[in-house]
Amino acid sequence: MKIVLCVKQVPDTSDIKWTENNTIQREGLESIINPCDVYAAEIALTIKKECPNTTVTVLSMGPNQAGKMLKKLLALGFDEAVLLSDKKFAASDTYATGKTISKAIAEKIPDFDLIICGQYAIDGDTAQTGPSIANFLNLPQITYVKELVECDENKLTLLRELEEGFEKVQTKLPALICVTENSYEPTRATIGGVIEATKKEVKILNCNDIGLEPACTGLKGSPTYVSKAFRAVKKEVQCEFFENIEDFAKNFDILGGENE
Amino acid sequence: MSKGILIYSEVTRENYLHTVTFELANKARELAQKLSDCPIMALVLVKPDLIDEFKEVFRVNGFDKVFYVADERFRTYTTDIFAPVAIKCVRDIDPEIMLIGATNQGRDLAPRISSALHTGLTADCTGLDINESGKLAATRPTFGGQLMATILSKKFPQMATVRPKVFKPMKEFVNVDTNFVRMGYDFCGYKSKIEVLEFTKKITSEINNLDCAEVIVAGGRGMQSAEGFKLLKELADTLGGVVGASRLAVEMGLADKNCQVGQTGKTVIPKLYIACGISGALQHTVGMNNAERVIAINKDRNAPIFEIADYGMVGDAFEIIPKLIQSIKQHT
């Protein structure tokens, strides 16, 4: 089976600092692999174990520094790494990102059987890029995948976690799946894996390499734009502090004293 | 005349119209006042035997026009059956704005529609408005909830998804003369590539009904252990509420993902929200800051949670909660 694993490098949003002008201080902001993509990688590794002759290409779109993240992923045992990197891609929204990634896959890996994405990225949290790629490649998509149940060359059986329950579904390949949080233990790179990875190169492709019209990507190719960004406003309340438990406990009655 | 606001109406597994449909309809009314002569419309893909009972529901919720496609294939949602039909309908209806509930189904379907129509989609909006140029201004939290962004679309329809409970439905039912339009779709013998084999409903404790809870006792990293969450459960039981958790608590394995409140979890509007050992990062607070009353217990007096709390106590939750439970029990 031929798999494309899509991953994103994201800023660690749990550690954001603000400048005096209420903009995010990007300097020194730690970059990490998007958490959902780690789960997606585990599903790819599981398929690689269960289906012989499976190859996995890890693909990312972002600045050159994302190459480091791809190198780390290669050390887990993935076969190839591709980084789509070009100033022309900058400021792409989910539509333009879907368009760019789908074009790269169609041009460079047209014989894929499966595309695996994380369900959402912690920076944008739109969960739209996966379905957008599926749309442009005209693929069936399965979102909210929690577990792989079974796989063979032609189909996958998956468990989805939805609001009200778990849905077991089967899809024919080729298809695209989006993986959400699951209980797979993250694989650690072995020394052998790290040595193997040093022999491999991250292939960097630009807009021209994938045969994409520059007008279809980046800010130009994005139907949406941010008209303003501002720091989230806080509710205007003055917290009343208590030291005595008995007095504090009186505030826990949601009937608000109507019955007193 | 405006081409109208279209709302995708999701039919749930239990065969009712998802409540987010009516929350969006109410918000759409407000937006429509800023656009001239703007009809509120719905699109529903439904099994043929359900449409008659839905008609009344659409009427009393004030929809001007309802487009529906009735087919047995809409029994269970799969993307490859629903998306092509929805795309064709939206193209034919050609609305100015399209709103979709950010449920699992909505988040799966909406980006298929927007990508196919080459238009923009703003996810999980917490604010919708019409700007001075008559465009949809969709505001949403981003960067882990720390930054708000207002997003506009250059293309039409201008699309947005909104989570359940972010907007409120109409207070009172109305009675309008809804125009129902049946739309046809030819599947041309297409068979779904996706087959739903089995569905297992979560047991009630797994669902942990955050959506309808009046009281939520939530814990964060400060609750440290499963022991700490037992304490929260005890307090929740005393108050007739349920347990919630911050993202960090879920990531640390202290609580189940179903309990998670916040940007990557659920949005809740309980009467009372009790935050224990939660620092109050915006990622968390965007999911609960509409609670009627917020009470916080935290060791750190400078924790941001106190900035949005109505009442607070500084100290160790492990010491405070047992005493609280005792005190509450004595007074009821």
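Contact, in these legends, means that heavy atoms lie within 4.5 Å of one another. This is a predicted model, in which local features need pLDDT of at least 70 and side-chain atom pairs count only at pLDDT 80 or more, while totals for chains, interfaces and linings use all residues; side-chain values use heavy atoms, with hydrogens and water left out. Residues are numbered from 1 along each chain as its sequence is written, and chains are lettered from A and ligands numbered from 1 in the order in which they are written.

**View 1. The contact between chain A and chain B takes residues from both partners.**
Chain A contributes 75 residues to this contact, and chain B contributes 82 residues. Between them, the two chains bury about 7,200 Å², of which 56% is on carbon and sulfur atoms; buried area is the accessible area (1.4 Å probe) that two parts lose on being put together, summed over both. On the chain A side, A:Glu164, A:Phe252 and A:Ile254 lose the most area to chain B, and together they account for 10% of what that side buries.

**View 2. Helix α4 of chain A packs against helix α4 of chain B.**
The helix of chain A covers residues 129–136 and the helix of chain B covers residues 104–116, and they pack at an angle of about 50° with their axes 8 Å apart. That angle makes α4(A) oblique to α4(B). Helices (H or I, at least four residues) and strands (E, at least two) are DSSP runs, numbered from the N terminus; axes are lines fitted to C-alpha atoms, for helices over the stretch in contact, and angles run from 0 to 180 degrees between N-to-C directions. Angles under 35 degrees count as roughly parallel, over 145 as roughly antiparallel, 65 to 115 as roughly perpendicular and the rest as oblique. From α4(A), the residues A:Pro131, A:Ser132, A:Ala134, A:Asn135 and A:Phe136 meet B:Asp108, B:Pro111, B:Arg112, B:Ser115 and B:Ala116 of α4(B).

**View 3. Two strands from the edges of a sheet, one from each chain, can be followed here.**
The sheet is open and has 4 strands in the order β12(A)-β8(B)-β7(B)-β6(B), with antiparallel pairing. At its edges stand β12 (224–231) of chain A and β6 (127–130) of chain B, each with a single partner strand, so one side of each is left without a neighbour in the sheet. Neighbouring strands of this sheet are turned by 25° against each other on average, direction ignored. Two strands pair if DSSP finds at least two bridges between them, and the antiparallel pair of β12(A) and β8(B) has 7 bridges. In this pair A:Lys228 has B:Thr150 of β8(B) as its bridge partner.

**View 4. Chain B holds an open sheet of 7 strands with parallel pairing.**
Read across the sheet, the strand order is β5-β9-β4-β1-β2-β3-β10. The edge strands are β5 (121–122) and β10 (179–182) of chain B; each has a single partner strand, so one side of each is left without a neighbour in the sheet. Within the sheet, β2 (residues 40–46) and β3 (residues 65–70) of chain B run parallel and are joined by 6 bridges, and B:Ala42 has B:Val66 of β3(B) as its bridge partner. Helix α2 (residues 51–60) of chain B packs on the sheet, touching β2, β3 and β10, with a direction about 160° from that of β2(B). Helix α4(B) also packs on the sheet, where it touches β1 (5–8), β4 (97–101), β5 and β9 (158–162) of chain B, and its direction makes about 155° with that of β4(B).

**View 5. Helix α3 and helix α4 of chain B cross at roughly 50°.**
The axes of α3(B), which covers residues 79–93, and α4(B) come within 9 Å. The crossing angle makes α3(B) oblique to α4(B). Residues of α3(B) in this contact include B:Phe82, B:Ala86 and B:Val90, while those of α4(B) include B:Leu109, B:Arg112 and B:Ile113.

**View 6. Helix α6 and helix α10 of chain B pack at an angle of about 20°.**
The two helices, residues 226–239 and residues 317–330, have their axes 10 Å apart, and the angle makes α6(B) roughly parallel to α10(B). Among the residues that meet are B:Leu231, B:Leu232 and B:Leu235 in α6(B), and B:Phe318, B:Ile321 and B:Ile325 in α10(B).

**View 7. Backbone details are shown for loops in both chains.**
Most residues other than glycine have a negative phi, and most peptide bonds are trans. A cis peptide bond joins A:Leu173 and A:Pro174, with omega about 0°, and A:Pro174 lies in the loop between β9 (165–172) and β10 (175–179) of chain A. In chain B, the peptide bond from B:Phe156 to B:Pro157 is cis, with omega near -10°, and B:Pro157 lies in the loop between β8 (147–153) and β9. A:Asp125, a residue other than glycine, has a positive phi near 50°, and its place is in the loop between β6 (114–118) and α4 of chain A.
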